[in-house]
Amino acid sequence: MQGEDYGYDYDFLFKIVLIGDSGVGKSNLLSRFTANEFNLDSKTTIGVEFATRTIEVEGKKIKAQIWDTAGQERYRAITTAYYRAAVGALIVYDITKSSSYENCNHWLAELKQNADENVAVGLIGNKSDLDHKRAVPTDEARNYAQENQLLFTETSALNADNVDEAFRALITAIYQMISKNQLDLNDASGNNANAPKGPTISLTPAPNEKHKKSTNNCC
Amino acid sequence: MAIRSSSSSRIDQSPREMFQRSNSNTSSSPNIVGSLLKSWKKSTDSFTDSKKHSSRNSPSARHMSPLRAPSHNGSQTHLHHHNHHLHHTTRDKYFKDLDEDWSAVIDDYNMPIPMINNGGIETTLRPPAVIQDDRAIESQKSSMDSYQGTIPNLNRTISNDLKLQYQIEVEKDVQELNSLMVRIEKFKKLIKPKDSTTQVNLPEIRKLAWNGIPMVHRPVVWKLLIGYLPSNLKRQEQVLNRKRLEYKQGVDHIFSDNHEKDVTTWHQIEIDIPRTNPHIPLYQFESVHNSLKRILYFWAIRHPASGYVQGINDLVTPFFQVFLSEYLSPSAKDDVYSLDPLTYLTAEQLSDVEADCFWCLSKLLEQITDYFIHGQPGILKQVKHLSQLVKRIDCDLFSHFESEHVEFLQFSVRWMNCLLMREFQMSMVIRMWDTYLSETSLETSIVSEDLMSDASTSLDRKSRTSSSGPSSSDSRQTTLSEFHVFVCAAFLVKWSDELMKMDFQEIITFLQNPPTKSWKESDIEMLLSEAYIWQSLYKDATSHWR
């Protein structure tokens with residue numbers, strides 16, 4: 001954690017979406033990663049919520065702008081709009097609820113349909129602290145992840161196990177992909193001009209904050 | 001800004017007098033009458049001068065003890081804004097100069113801290129508040145002398161100014177208490193007319209309710225406003241009995257073996273109920289969980305086009321606790337937040353409460369059906385209206401959002417979906433709903449049946465459109481949905497100054513968690529009044545919304 005900060009200085013800005021069934025712990029994963037907090041009594045997410053954290057990967061400061069989405073099917077019209085400009089996604093299931101794992105297929109399909117084809121995806125089995133209630137075997141999920149070229153981690157937002165690692169692995173994967181391919185997702189997302197976008201969804205290096213403020217234009 | 005002058009004059013004319021006080025039962029602001037009323041609850045308390053003083057001025061006060069006095073606007077955090085007014089003029093001093101020393105002195109004497117009455121937060125629409133303050137000051141100054149002898153013991157070391165300030169506070173509280181009593185009586189006469197009238201005067205109730213409903217009358221008034229309880233007095237009991245029975249039978253049926261459970265819906269409700277108002281003890285009781293599950297599941301089954309959608313669980317709760325409070329003694333209404341209903345209700349009574357909630361929720365959701373159907377077109381439409389409106393009323397903020405790539409969809413979906421409930425404390429939401437429910441348009445649901453409507457309904461319509469009531473002074477009716485967009489706009493532009501200095505991330509983060517925890521009823525009332533002003537200024541521009 002040393003050398004990292006939560007400030008504005010960054011080299012890259014990655015937009016990431018958190019998706020998965022209702023009640024699997026998406027919001028708490030986000031608050032654990034961005035604020036090191038866990039809320040036993042958090043309310044349901046309506047629409048989307050947002051948080052960021054900047055971490056360092058291979059000497060570069062990368063700001064992860066993470067959009068936490070409502071899990072209920074009915075919100076799909078609103079939440080899928082956020083897939084389009086995302087460069088990374090985490091599909092979350094609850095290891096104690098097999099239905100939430102089975103639905104990952106559905107989530108993956110929806111992501112492929114709405115997001116950029118180069119989007120990096122991780123699969124997260126959350127609530128690993130409830131191992132005694134486990135309904136989804138780790139190996140099964142790992143195999144599924146491998147077949148579909150997804151990163152895989154089991155996490156516990158409650159006791160913070162693997163949460164940082166899961167996000168970090170995804171962010172690193174995105175970074176390596178872009179530094180290898182020098183992708184410019186600006187062009188790609190330009191095809192989806194209607195998609196709501198944050199200030200800088202691009203994978204191109206972010207301008208420094210001063211520049212941004214003075215021009216009122218982020219990229 | 002041209003808005004300012006027109007807004008203040010509008011306020012003057014408006015029957016929705018923004019500072020007309022209702023009871024503010026839920027206020028926790030440390031004001032004098034509030035604490036007096038609280039202490040009345042405790043029979044062991046000895047009478048103090050100030051109590052005698054208040055009760056003398058309001059003989060009926062004692063049995064109304066649960067009704068806390070209206071809150072004063074402002075909060076301690078704002079006191080320092082007014083320090084620089086110190087010693088300018090005597091008049092200013094009494095109402096604006098509240099520095100820390102003053103609070104400290106008051107603390108020494110275990111007295112509540114006097115609060116200023118100019119709204120809780122900085123806003124561009126402050127002028128109406130100032131006008132009202134001036135008026136209040138004039139009236140209080142004129143009648144101040146008569147209360148000098150009845151002030152509780154103040155230490156001699158307190159300066160005369162402070163003493164005077166305190167006298168004025170007491171006087172103000174007494175006035176507010178009196179006006180509360182008047183309001184309670186007004187409502188009582190309207191909902192239980194003594195003469196031979198068979199109809200309650202719904203337009204009049206609507207008009208009055210806009211400014212807040214006293215806690216004792218809120219359950220009945222809400223049911224009237226939303227069209228659950230008929231305005232025909234003779235039919236009220238009969239309708240209640242029928243509806244409650246219908247609910248009971250319906251619930252019995254869907255939870256019987258004959259009904260195949262909708263597993264997805266049930267599961268969603270089951271995981272959402274424990275996450276409903278998690279910070280209020282009431283919603284932790286199993287009895288409450290079961291009640292809410294039944295209401296929501298039954299509603300979902302009966303409305304397949306929508307089904308249960310997250311957020312509806314929030315929307316049912318104001319009804320639930322307001323209707324529960326009907327069964328608590330006047331001195332214990334606030335206990336609704338912490339008591340298990342089964343400690344003061346029979347199972348039958350709880351079922352009646354459930355039924356009332358179910359029907360009122362149904363009526364409410366009728367007004368916003370398109371929020372929850374597939375694709376949520378109602379919410380998307382509302383978000384669009386909000387952005388159009390903000391573009392008109394605060395162009396700078398709108399441009400700033402554009403340049404920061406902030407989209408309204410990113411922060412206002414929840415505002416629409418839960419009618420801003422997530423943005424405020426429950427007690428504030430309930431006050432807000434007094435106004436919202438008086439904005440519900442019964443006509444939207446019956447407009448197609450207009451020709452077939454019975455005499456009472458057309459009478460309602462006629463009197464409503466012809467009266468000078470706030471929502472009927474225009475040629476067209478307003479709806480809850482439309483008014484809500486104006487409230488959202490007023491809420492957003494309230495933070496305009498702060499937001500203008502923020503970048504994308506700061507804006508979204510701020511709007512996800514706006515600083516409203518310390519909001520008082522007066523802040524909510526200011527917000528509603530501002531929304532009303534915007535609505536009257538922009539009504540032509542928005543007529544195409546419907």
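## Close-up views of chains A and B

**View 1. The annotated stretch of chain B is built with helices and no strands.** Over residues 212–440, chain B is 62% helix and 0% strand, and the C-alpha atoms at the two ends sit 15 Å apart. Keep in mind that you're looking at a predicted model. What does the UniProt annotation call residues 212–440 of chain B? The unreviewed entry labels this stretch "domain: Rab-GAP TBC".

**View 2. A salt bridge joins B:Lys223 to B:Asp356.** Zoom in on these two side chains and you'll find N and O 3.0 Å apart. Which helices do the partners come from? B:Lys223 belongs to helix 10 (residues 218–225) of chain B, while B:Asp356 belongs to helix 16 (residues 347–367) of chain B, so this pair ties together parts that are 133 residues apart in sequence. Counting over all chains, the structure holds 23 salt bridges.

**View 3. Here chain B meets chain A.** On the chain B side, 39 residues are in contact, and they touch 36 residues of chain A. Together the two chains bury about 3,300 Å², with 51% of that on carbon and sulfur atoms. As for how the model scores, its ipTM is 0.82 and its pTM is 0.73.

**View 4. B:Arg414 reaches across to A:Glu49.** How many salt bridges does the rule find across the interface of chain B and chain A? Just 1. It's the one between B:Arg414 and A:Glu49, whose closest N and O atoms are 3.1 Å apart. There are also 16 residue pairs in polar contact between the two chains, counting pairs with both residues at pLDDT 80 or more.

**View 5. Several helices of chain B supply residues to the side that touches chain A.** Helix 12 (263–272), helix 17 (377–393), helix 19 (408–417) and helix 25 (504–512) each give at least two residues to that side. Which helix gives the largest share? That's helix 25 of chain B, with 6 residues. Sort the residues on this side of chain B by type and you get 14 nonpolar, 16 polar and 9 charged.

**View 6. Some parts of chain B come with low pLDDT values.** The mean pLDDT of chain B is 75, and 64% of its residues reach 70 or more. Where does pLDDT stay under 50? One such stretch is residues 1–150 of chain B, for which the model has 295 contacts beyond four places in sequence. Another is residues 444–476 of chain B, with 42 contacts of that kind.

Definitions and conventions
Residues numbered from 1 in each chain as written. Chains lettered and ligands numbered in written order. Heavy atoms only, no water. pLDDT = per-residue confidence, 0-100. Contact = heavy atoms within 4.5 Å. Buried area = accessible area lost by both parts, 1.4 Å probe. Salt bridge = Lys/Arg side-chain N within 4 Å of Asp/Glu carboxyl O. Polar contact = N/O pair within 3.5 Å; in protein donor to acceptor, adjacent residues only side chain to side chain. Helix = DSSP H or I, 4+ residues; strand = E, 2+ residues; numbered from the N terminus. Nonpolar A, V, L, I, M, F, W, Y, C, P; charged D, E, K, R; others polar. UniProt positions renumbered as here; feature names shortened; annotations may be inferred.
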